[in-house]
Structure formats: C-alpha cells, structure tokens
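Hi everyone, thanks for coming. Today I'd like to walk you through one structure, piece by piece. Have a look at it first, and then we'll start.

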Amino acid sequence: MGMVALVLVTVFLLLLVMHVPIAVSIALASFFAIVAAGMDPTLVLAGRMANGINSFALLAIPFFILSGHLMGRGGMARRLIDFAGALVGFLPGGLAYVNTLTCMLFGSISGSAAAAVSSVGGFMIPEMNRKGYSREFNVSVTTTAATTGLLIPPSNVMIVYSVAAGSVSIAAMFMAGVLPGILTGLFIMLVCGGFAFQKKYRREPRASLREILVSFKRAFLSLFLIVIVIGGILGGIFTATEAAAIAVVYALLLSVGLYREIPLKELPALLSRTGVTTAVVMLLIGASSGMSWIMTMANIPQTVSAALLGLSDNPVVILLTINLLLLFVGTFMDMTPAILIFTPIFLPVVTALGMHPVHFGIVLIANLCIGLCTPPVGTCLFIGCGVGQTTIARVTRTILPFFAAMIVALMVITYLPIVSLWLPVKTHQLKQAEVEKAAFMQTKATTTEEQ
Amino acid sequence: MRTTLITLKRTMTAALNAVLIVAVGLLVLDVVWGVFTRYIMGEQAKWTEELARFLLVWVALLGSAVAFGTKAHLGVDFFIHKLHPDMHKVMGVAAHLITLFFAGAIFLYGGSRFVIDALNMEQMTPALGWKMGYVYLALPIAGVFMVLYTLENLAETLAARPHDANAPEEVA
Amino acid sequence: MNKSASLFTGGFLLGALLASVMFSFVLRGKLSGGGAQGRTQTVLKLAHCLSTEHPVHQAMEYMKTHLEEISDGRMTVDIYPGSVLGSETQCIEMLQNGSLAMTKTSAAAMENFIPAMAVFGLPYIFRDADHYWKVLNGDIGRALLRKGETRFLYGLCYYDAGSRNFYSRGSPIRTPEDLEGLKIRVMNSETAIDMVKALGGAPTPIAWGELYSALAQGTVDGAENNPPSFISNRHYEVCKHFSLNGHTRIPDILMMSTRARDKLTPQQREWVQQAADASSEFQRALWKKETVAALKKAREEGVNIYTVDTAVFAARVQPMLRQVENPEVRELLDRIPEVH
Ligand code: NA
Ligand code: NA
C-alpha cells in the first residue's frame with residue numbers, strides 16, 4: 001500500500017515541477033498508482049472524469065462564474081464602490097476601507113475572488129494610485145480583501161468542498177462562512193488603519209445622509225442579489241444551484257436590460273468564456289475524483305490520518321500542524337486543486353478529533369485564501385499585480401502585515417468553532433445536536449447517502 | 001502546412017465554442033425552468049436536474065479541450081523558469097508528450113471503452129430514459145480534440161526558436 | 001541556472017519520471033504474480049453509500065468475519081463505507097467493469113440497469129412483511145438476483161430496508177385525502193412520483209441531503225421513508241406525524257461483479273455465498289430491532305404514530321398498477337399475489 005502512495009506522490013510532484021497542467025498531473029499520478037495497485041487505469045479514470053463532475057451541486061459553479069462576468073462588466077461593481085465610499089470614505093485612508101468593503105460585497109455576490117480583484121481592483125487601484133496611496137499598498141489591500149468573498153456566501157470553493165467532503169450541506173457551508181468572512185475583512189481593515197495612521201493617508205469628504213441614501217438607492221438592486229441568493233436558499237425557496245441560476249438571470253436583467261452596459265452581442269463571448277473557465281475547474285475536479293478513488297483504495301487517508309493522530313493526542317497541536325501544512329501547500333497550489341486533494345486526507349483526521357465537517361471546510365478555505373495571495377502561485381496576487389501594474393517582488397513587503405491579519409483571523413476561526421457554527425445552527429442549516437456532538441473532541445461524524 | 005494547421009485550429013475552436021455557448025445558455029434555461037415548473041406549474045419537471053448534469057459534463061469535457069488549445073489549464077511554471085532557455089524547449093516538448101498520453105489513454109481509449117461498456121449494458125438514465133452511453137460519448141469526443149490541440153501545441157513548440165519555446169503561459 | 005546545471009536538472013526530472021513509471025509496472029507484476037508473504041489471501045473490495053452505523057454496514061462487517069472464518073483466513077473483504085469510492089450508480093458501473101467486487105444497492109437504483117427491478121418501486125404489491133420475504137426468498141426473488149448476470153451483475157442476497165411510510169409537519173396523513181395538496185419529497189424516480197400523484201399528493205423530488213432543511217423551512221410538507229432513517233436523519237425534530245401506511249418495500253441487494261466472481265474457484269464462490277446468506281439473516285434480525293427502537297424513540301420525541309387503513313391507500317393506486325407497461329414487471333405483478 002505504501003508503494004502505491006509512493007508512486008502517486010512522486011509522479012505527481014515530478015509532473016507538477018515539469019509544468020504539466022495540474023489536472024493532467026493529478027490524473028497521470030493516479031493512472032500509474034492504479035497501475036501499481038494492479039488495476040485497470042484507463043476505465044477507472046475515464047469513469048471518474050465523467051462522473052466526478054456529474055453532479056447537480058457543481059452546476060452552481062458555472063452560474064456564479066457567469067454572474068460574476070455579468071456584474072463585473074455590467075456596472076454593478078461601480079455602484080457598490082460608490083455606496084461603500086459614501087459609508088466609510090470619510091475615515092483617514094478612506095479609500096482603503098472602501099476598497100475592502102467593496103471587495104467583501106462584490107466577492108460576496110459573485111462568489112469568486114479572481115472576479116473581485118479584477119473588477120473592483122480595476123477601478124479602485126488606479127483611483128487610489130491617483131489619490132496618492134502607494135501602489136504596493138493598493139494591490140495588497142485589494143488582493144487580500146478579495147479573498148474574503150470566498151468565505152462570505154455564495155462561494156464556488158465551498159461548493160467544491162461540499163462535493164469533495166461527501167454530503168456536507170452547501171447551505172450550511174454558506175451560512176458558516178458569513179462571520180469568518182466579515183471577521184477577516186475587519187482584521188484587514190485594522191491593518192489598513194495602521195498604514196493610514198503611519199503614512200497619514202487622506203480622507204474623503206464626509207457624505208451627507210442624503211448622499212448615502214442616494215448611493216444606497218443606486219446600489220440597492222445590486223445588493224438585492226445577495227438577498228435573493230441567500231434569502232432564497234435559507235427560505236427553502238430554491239437550492240444553491242437554482243439560486244445561482246437565478247442570480248445569472250437577475251444579473252442579466254440588470255446589466256443588459258436595466259443598466260444597458262453590456263450589449264446583447266457580447267453575450268455569446270461571455271457564455272463561451274464561462275464555459276472554458278468552468279471546464280478548467282471541472283477537469284481538476286474530475287481528475288481529483290480519480291485521485292481520491294485510488295487514495296481510498298490504497299488506504300492513504302487512513303495512513304496519513306494515523307500518522308497525524310500519532311503525532312500528539314492534543315487537538316490543538318494537530319490542528320496547528322494541519323494549518324501549517326495547508327499554508328505551505330497554499331504557497332504553490334491553487335485553491336481548487338488543494339481542496340480537492342486534501343479534503344479526503346484531512347477530513348477523517350479532524351472528524352476523529354470531533355471537528356464538524358462544516359467547521360473544517362471553513363478553516364480549510366480561510367487557510368487557502370492566504371495561499372491565493374502568496375507567491376510563487378497566487379491567482380489573486382497575479383491578477384492584483386497585473387491590474388496595479390507592479391511586480392510581486394515589490395508588493396511582498398507591504399503585503400506581509402495583511403498576511404499577519406489573515407493568519408490571526410485563521411487562528412480565531414480554527415480554535416473558536418462557534419464563529420463558524422453559530423449562524424448555520426441559528427438558520428436551521430445544521431442541527432444543534434449534531435454540532436454539540438462534534439463540539440470539538442468527540443466521536444466522528446459520518447456521511448451517508450440514503451434515499 | 002502551418003497555415004492549414006492554423007485554419008484547422010480556428011475552425012475547430014469556432015465549432016467547439018458554438019457548442020459551449022449553446023450548452024451554457026441551455027444550462028441556465030434548464031435550471032430556471034425547473035424552478036419555474038415547481039412554483040408556477042405546481043410540479044417540478046423531473047428531467048431538468050438530470051439534463052443539467054449531463055450538459056455540465058459536456059460543457060466541462062469539451063471546454064477542457066478548448067482550454068488545452070488556449071493553454072488555460074492551471075500549471076506551475078515557477079521551477080521550469082529557473083532552467084536555461086535551451087532546456088525550456090526540451091521540457092516543453094516533454095510536457096506536451098505527457099499531455100498527449102493523458103488525452104489518448106484516458107479520454108480516447110478509456111473513454112471509448114467506457115462508452116461501449118455503457119451501451120452494451122444498456123444502462124439507462126433514470127428521468128430522461130436515454131442510454132447513458134450517449135452521455136459518456138463526451139469523453140472520446142473531447143479526447144479527439146485534446147489530442148489535436150496538443151499535437152498543435154507540440155508542433156508550435158518544436159518550430160519555435162529555443163528562447164521563446166514554452167513561453168510563460170497565462171495563469172487563469 | 002546555467003546551461004549544464006539546467007541540462008542536469010531536466011535530465012534528472014525526466015529520468016525520475018521514467019523510473020517511477022517503470023516502478024509502477026514492476027509493482028503491478030509483483031501483485032499479479034501473487035502476494036509476497038507465501039500464503040495468498042483473496043481480498044474482495046466492497047463499497048457502499050451508508051454510514052458505519054447502518055445495519056447493512058454492520059451486516060457486512062459480520063460477513064467479513066464469517067468469510068474469514070469459513071475460508072480459514074484465505075478470503076476477506078475490504079469495506080469502503082460512506083460513498084468514498086462513488087455514488088450507488090457509480091459503484092454499479094465499477095462492478096460492471098470489474099474495478100470493484102461488491103456493493104450494496106437499493107433495488108430502486110437497479111431499475112436503470114435491470115428494468116424488471118422496477119417492480120419493487122410499485123406501491124402495495126406485498127400483503128405484509130411475511131409475504132414480502134416469502135417472495136424475496138422464493139423463486140421470484142432468486143430469479144431477480146440472477147437477472148443481471150448478462151450485465152456482469154450477480155445478486156448475492158437481499159437486505160431488509162423495511163417499509164416506507166409518510167411523515168409530515170403540519171397535519172397527520174391518515175387517509176389519501178389528507179395528502180391532498182401536500183408537497184411530499186420523493187426519490188427522483190418515475191414510479192415514486194407517479195405513486196404520490198396517484199395518492200393525491202404533490203411529489204417533489206429534491207436531493208436527500210437538502211431534505212432536513214427543506215422540512216424545517218417548509219419547502220416540503222412531508223416525506224416518506226422507513227422508521228430507522230426517520231430517526232437517524234433527525235427528521236422527527238421537524239415532523240411530528242408518522243403514519244404506518246407502508247406503501248412500498250424496496251429491498252437492498254448485495255451485488256457482486258461477475259468479473260470478480262469468475263476469478264474465484266467454485267469453493268471460494270460457495271464461501272462468499274454462505275457468508276452473504278449469513279449476513280442477510282443477521283441483518284434482518286438487526287433491522288427488526290432497529291425499527292422497534294426507532295418507533296419507540298419517535299414516541300419519546302413526541303411524534304404521533306398512526307396506524308392507518310392501508311386498504312384505502314392500496315385502492316387508490318390500483319389504476320397506476322394496471323397502467324404498468326413493461327411486460328416483465330406485468331408478469332411479476334401477476335405472480336407476486338400467488339405466493340403464499
Ligand atoms: Na462569495
Ligand atoms: Na500561493
């Protein structure tokens with residue numbers, strides 16, 4: 001069994017280093033591991049490639065990608081910025097808070113951090129540059145703040161996690177992310193405050209109540225999307241996937257119909273871009289489902305789990321170890337593949353510690369959010385630097401305090417389960433008893449698929 | 001030769017794109033229709049969920065092929081960029097050959113066997129009553145396009161002068 | 001990096017890759033040449049989608065122990081619970097292509113592979129539990145287990161999944177009239193949808209994982225399942241009315257891949273069958289206990305349990321039974337009442 005794991009890990013790392021696409025690396029590592037285990041790799045993997053993505057839950061992903069495109073191009077980001085500006089612009093370093101708040105709002109609606117960096121950053125970074133904020137600071141704020149959108153619902157990566165973890169409720173994940181996302185956003189704002197104080201950044205004129213109301217009215221229809229999506233899911237009106245489809249229709253009506261910022265003839269291009277972006281994520285999911293298949297067959301999760309649990313019998317230590325491992329993974333691996341690969345490995349460990357799968361999902365995502373902003377592989381950082389016309393090397397020093405803020409938030413989220421689990425219980429997405437049962441160090445939770 | 005290849009690639013990409021556009025559009029309509037029938041017509045159409053999943057499989061697999069053409073799949077180019085430019089070309093060719101094996105073995109060969117199996121077993125889809133083999137047909141079809149795109153990428157890398165071979169690719 | 005260091009690194013990467021690939025084939029050769037430690041043990045891989053607390057899982061553990069005993073350690077079963085290797089349908093596909101030896105499947109899921117299995121989804125075709133087991137253990141049941149052989153599926157035995165009953169939030173369901181206008185969650189199968197429709201309810205096929213929230217929020221007014229599932233999924237927290245109307249009895253089946261079975265010696269096949277039969281006995285007893293315990297627990301939680309006149313319900317679905325088109329299912333419908 002150990003030999004199969006050896007083949008899997010070696011082939012995967014070699015292919016990764018050789019700049020073979022990650023999905024291909026995952027699939028071929030699994031291929032040769034299946035060969036080593038004496039089974040037929042082509043049939044198994046072909047089946048996993050198709051069936052790993054044959055899931056209604058995953059459908060929400062193309063929908064949130066598409067609505068993100070529509071909102072970015074369709075003037076909704078702009079309206080959110082105006083509203084956030086009226087609210088917090090008057091503080092010293094006001095635009096930094098505006099930026100953070102807009103990223104939280106926009107990332108919240110679109111479900112994608114990359115979309116937030118490019119849409120919000122595309123407008124905010126040049127604006128802040130013009131008003132005398134340092135370029136590196138602007139890129140750092142936008143990049144880190146955008147990741148909060150992955151914790152504040154809706155969120156594509158939560159859907160990926162729910163599917164990878166078995167039957168974890170997407171609605172429960174969505175609710176669980178709200179407070180951790182806001183918390184992380186607040187910590188980022190604290191760092192902004194520190195910079196503003198030290199560098200004496202300017203403030204914007206204070207908006208009158210009337211101006212606030214006017215900007216709110218203009219942003220209202222965009223903000224209302226959150227109400228539709230979250231309210232619809234919580235009210236039991238539709239499932240997460242259906243909510244995402246409704247979000248597309250709503251964003252379409254707003255950006256094409258009402259605001260008229262996207263001409264109809266641009267729609268096919270948006271649809272095709274959505275298709276390809278979706279496919280990139282889905283190929284990863286398909287390949288990872290093959291990898292998790294052979295890992296399970298070869299009992300790899302149990303082995304890793306036993307090793308980790310053997311390290312110490314203190315849950316605090318084990319969770320710290322897992323967090324450190326994930327932070328390291330996040331430096332060179334994108335979020336989706338990391339979730340797909342490490343969920344089946346770590347989930348049995350933490351459930352054995354009595355951690356609730358929903359809580360672990362939030363910790364996993366909060367952790368990997370940091371990875372999105374770290375070199376060498378950090379999607380948000382790349383986009384941020386591109387938009388802000390600066391280099392990774394120059395941003396690195398400025399972004400460090402922001403990492404510190406995110407790590408502090410991560411620790412709070414990890415060790416205070418209530419931050420994640422309180423809201424899902426209050427909204428009946430999780431059962432009180434189930435949460436109490438998993439109140440950290442007790443019996444394991446199980447996944448079932450009864451009918 | 002080169003122009004034929006470019007024309008071929010353009011036509012292929014245009015055709016695949018058209019399929020993607022229609023399929024993504026249908027996906028939205030399909031799921032919205034499911035909600036509509038549930039609330040307005042009192043009873044949910046039972047095929048919408050199934051059709052949506054199958055459309056997703058097709059979008060994902062055909063879109064993956066397009067993504068090989070546009071080099072949109074995520075990869076880690078950090079280490080390879082530390083190498084001397086001459087070695088880039090060699091490693092680029094190796095990476096393409098490896099991808100070729102992936103597409104051929106898993107999608108073309110494995111996918112075809114999977115389709116044939118499903119058709120032989122007469123496995124049916126629960127709601128639509130289709131043969132499941134037709135749904136899985138996306139595997140070998142995507143495989144064909146993946147092989148073609150990768151061959152094209154390979155030819156491009158081989159033809160390039162050493163220092164721009166395996167030029168840094170966009171991280172999507 | 002300079003040129004020669006690059007050349008070395010590149011060569012090393014390619015060489016290491018080639019070595020790993022060759023190593024995987026060496027391992028494969030070793031495996032197919034028999035185990036390294038002298039005596040070989042045949043390991044059958046079994047995957048299913050239930051939790052480890054489920055009676056079926058416990059029966060499988062029992063089967064594993066029993067198989068090891070009667071084969072004197074020459075055979076064993078590796079069990080992968082909780083959908084870790086894929087959904088029920090995917091497990092069946094893996095059986096068919098030989099990448100998995102055994103799985104538990106509901107007869108409902110088998111419909112898409114063996115159309116005659118659709119008969120179990122039909123309401124009120126068994127008089128009572130006794131009649132049901134006589135049919136399963138008799139000629140009809142045994143013939144159905146063999147039906148999948150041409151499609152590489154060999155049924156080993158049945159497990160009890162009890163009878164399914166309606167439960168609801170607001171008002172009790174004592175007669176078909178009570179179902180009028182109620183949104184009832186059903187499995188996404190044509191038969192289940194038609195049945196609830198025939199009884200007067202509004203069938204709503206939402207995913208099982210979403211059901212608790214849907215019941216709590218009132219997206220659906222009720223659902224249907226067996227008592228142990230009603231308890232283990234905590235639906236009693238939101239639904240306080242449970243009717244013992246027993247509309248369907250859909251058995252679980254322990255399925256084996258004929259590709260895996262063909263590799264066994266006749267002696268080994270017999271051991272497997274013996275162990276499966278023993279586990280079936282074990283599971284039925286366990287299931288009975290669980291059902292009693294579940295109903296007791298439900299009462300303790302303040303759930304009203306109703307004994308209803310099932311004949312009224314059965315009468316309502318007769319037109320639906322008459323409309324069945326599949327000739328194989330038709331024939332079974334004629335034969336099942338004859339079993340005494
Ligand atoms: Na979000
Ligand atoms: Na990173």
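Let's begin in chain B, with residues 132–151: this span is 95% helix and 0% strand, and its end C-alpha atoms lie 30 Å apart. Before I go on, please keep in mind that this is a predicted model.

Why did I pick that span? UniProt, in an unreviewed entry, lists four stretches of chain B under "transmembrane region": residues 12–36, 51–69, 90–112 and 132–151. So what does the model show for another of them, residues 51–69 of chain B? There the chain is 100% helix and 0% strand, with 27 Å between the end C-alpha atoms.

Now let's see who chain B touches. One partner is chain A, and here 57 residues of chain A meet 59 residues of chain B. People often describe an interface by the accessible area lost when the parts come together. For chain A and chain B, about 4,900 Å² is buried, and 80% of that is on carbon and sulfur atoms.

How many salt bridges are there between chain A and chain B? The count is 2. In one of them, the side chains of A:Asp40 and B:Arg113 come together, with 2.8 Å from N to O. If you want to find this pair on the screen, start at helix α3 of chain B, residues 85–120, where B:Arg113 sits, and cross over to A:Asp40, in the loop between α2 and α3 (41–51) of chain A.

Chain C also meets chain B, with 28 residues from chain C and 25 residues from chain B in the contact. The buried area between these two chains is about 2,200 Å², and carbon and sulfur atoms give 60% of it. Across this interface there are 2 salt bridges as well. B:Glu122 and C:Arg151 form a salt bridge, their closest N and O atoms being 3.0 Å apart. Over all chains, the structure holds 22 salt bridges.

While we're in chain C, let's look at its strands. Strand β1 (residues 42–47) and strand β2 (residues 75–80) of chain C run parallel and pair over 6 bridges. Between them the chain passes through helix α2 of chain C, residues 55–70, making a right-handed β-α-β crossover. To see the pairing up close, find C:Leu44, whose bridge partner in β2(C) is C:Val77. β1(C) has a further parallel neighbour, strand β3 (residues 102–106) of chain C, paired over 2 bridges. There, C:Ala47 stands opposite C:Thr103.

Next, a little check you can do yourselves on helix α12 of chain C, residues 266–300. At 1.5 Å a residue, its 35 residues should span 51 Å, and the end C-alpha atoms are indeed 51 Å apart, so the two agree. Just after α12(C) comes C:Gly302, with a positive phi of about 85°.

Let me finish with two curiosities in chain A. Most residues other than glycine have a negative phi, and most peptide bonds are trans. A:His19 is not a glycine, yet its phi is positive, about 65°. You'll find A:His19 in the loop between α1 (2–17) and α2 (22–36) of chain A. And the peptide bond from A:Pro153 to A:Pro154 is cis, with omega near -10°. A:Pro154 is in a loop too, between α8 (135–147) and α9 (156–164) of chain A.

Thanks for listening, and do ask me anything!

Methods. Residues are numbered from 1 along each chain as its sequence is written. Chains are lettered from A and ligands numbered from 1 in the order in which they are written. This is a predicted model: local features need pLDDT of at least 70, side-chain atom pairs count only at pLDDT 80 or more; totals for chains, interfaces and linings use all residues. Side-chain values use heavy atoms; hydrogens and water are left out. Two strands pair if DSSP finds at least two bridges between them. Helices (H or I, at least four residues) and strands (E, at least two) are DSSP runs, numbered from the N terminus. A crossover is right-handed if, with the strands pointing away from the viewer, the path from the first strand over the helix to the second runs clockwise. The expected span of a helix is 1.5 Å times one less than its number of residues. UniProt positions are given in the numbering used here, feature names are shortened, and annotations may be inferred rather than shown by experiment. Contact means heavy atoms within 4.5 Å. Buried area is the accessible area (1.4 Å probe) that two parts lose on being put together, summed over both. A salt bridge is a side-chain nitrogen of Lys or Arg within 4 Å of a carboxyl oxygen of Asp or Glu.
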